[in-house]
Every structure is written in C-alpha cells, then in structure tokens.
Amino acid sequence: MLDFEEELKNFKELPEIEDVKVGLYETDVTDLADVMQRMIDSVAGNDGAR
C-alpha cells in the first residue's frame, strides 16, 4: 500500500513548472471585475483613477 506522506516527502517539482509559475505571477492579468469596473467608470464619466 502507498504511504502518501512518504511519497509527498520525495516529491520534486519539474523545473518547467517553476518557469510557468514565474510567468503567470509576473503577468499583469486583467480579470473580469477589472473590466466591469472600467466599463462602469466609462459610462459614469469617471476617469477610472482609483
């Protein structure tokens, strides 16, 4: 039977995974809430500055 705790101790992440994480976290991603806020600001006549 597998000992999951022991397997987790031996787990090593692939180097490519770290590269993907860095790329994702360093990217400025606009989510749907940001898009909606900009649309509301535009309709309301606000400049969008917060």
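How far apart are the end C-alpha atoms of helix H3 (residues 32-44), and what span should its 13 residues have? In this predicted model, where local features need pLDDT of at least 70 and side-chain atom pairs count only at pLDDT 80 or more, totals for chains, interfaces and linings use all residues. Residues are numbered from 1 along each chain as its sequence is written, and side-chain values use heavy atoms, with hydrogens and water left out. The end C-alpha atoms of H3 are 18 Å apart, which agrees with the 18 Å expected at 1.5 Å a residue, the expected span being 1.5 Å times one less than the number of residues. Just after H3, Gly-45 adopts a positive phi of about 85°.

The chain contains 3 helices and 0 strands (DSSP runs, H or I of at least four residues for helices and E of at least two for strands, numbered from the N terminus). Its radius of gyration, taken over C-alpha atoms, is 21 Å, well over the 10 Å that the globule rule (2.2 Å times the number of residues to the power 0.38) gives for 50 residues, so the chain is more spread out than a compact globule. Along its principal axes, the C-alpha trace spans about 65 × 25 × 15 Å.

Met-36, which lies in helix H3, counts as partly exposed because its relative accessibility is 42% (buried is under 20% relative accessible area, exposed over 50%, and partly exposed in between, with a 1.4 Å probe and protein chains only). Buried residues make up 2% of the 50 residues in the chain.
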